[in-house]
Amino acid sequence: MHLNPLLWLAVALLVYFLIWGRKGRGAIARGIRTTTAMKAAIAAYRACDYAAALQRAEGLKDGAAKTPEYCFFRGEMLHHLGQLSEA
C-alpha cells in the first residue's frame, strides 16, 4: 500500500506540533520540562537541601505562569524552611 506524500507531511507536522508546538510549548515538551524539573527538585528534597529544592522548583514554572506543581512544591519547601507566612 502506497501512502500519499502529503499524508506523511501532515503526520510529521502533527507530531512536530504535539512535541514542540509553537515556541516549544507543546504538551509533550511541557511535560518533559516539568518532569525534568520535578526530578531535580525532588533529588534536592531527598538530600534534605530544602533551599536548593526551592531554587530548583523555579523550573516548574511555565514561562512566567505559575503552574500548580510550582505552587505546591514551592509552598512545601518554604514550609520545610520555616517560612510559614510566605508558604
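**Salt bridges and helix α2 in a predicted model**

User: What is the relative accessible area of Lys 61?

Analyst: Lys 61 is partly exposed, a class that lies between buried (under 20% relative accessible area) and exposed (over 50%), computed with a 1.4 Å probe on protein chains only. The model is predicted, so local features need pLDDT of at least 70 and side-chain atom pairs count only at pLDDT 80 or more, whereas totals for chains, interfaces and linings use all residues. Residues are numbered from 1 along each chain as its sequence is written, and side-chain values use heavy atoms, leaving out hydrogens and water. The relative accessible area of Lys 61 is 29%.

User: Which residue forms a salt bridge with Lys 61?

Analyst: A salt bridge requires a side-chain nitrogen of Lys or Arg within 4 Å of a carboxyl oxygen of Asp or Glu. For Lys 61 and its partner, the closest N and O atoms are 3.3 Å apart. The partner is partly exposed, at 36% relative accessibility. The residue is Glu 58.

User: How many residues apart in sequence are the parts tied together by Arg 74 and Glu 86?

Analyst: The side chains of Arg 74 and Glu 86 meet in a salt bridge, at 2.7 Å from N to O. Arg 74 lies in helix α4 and Glu 86 in the segment after α4; helices are DSSP runs (H or I, at least four residues), numbered from the N terminus. Arg 74 is partly exposed at 23%, as is Glu 86 at 43%. The pair therefore ties together parts whose separation is 12 residues.

User: Within what arc do the buried residues of α2 fall?

Analyst: In α2, the buried residues are Ala 29, Ala 37, Ala 41 and Ala 44. Seen down the helix axis, they line one face of α2, the arc being that of the directions from the axis to the C-beta atoms. On the other side, Ala 27, Ile 32, Lys 39 and Arg 46 are exposed. The buried residues fall within an arc of 90°.

User: Which elements are included in what covers the buried residues of α2?

Analyst: Helix α2 comprises residues 27-46. Contact means heavy atoms within 4.5 Å. The cover of its buried residues includes α1 (5-19), α3 (50-56) and α4 (68-80).

User: Which residue with a positive phi follows α2?

Analyst: The residue is found in the loop between α2 and α3. Its phi is near 60°, a positive value in a residue other than glycine. It is exposed, with a relative accessible area of 54%. The residue is Cys 48.

Technical notes
Helices (H or I, at least four residues) and strands (E, at least two) are DSSP runs, numbered from the N terminus. The expected span of a helix is 1.5 Å times one less than its number of residues.
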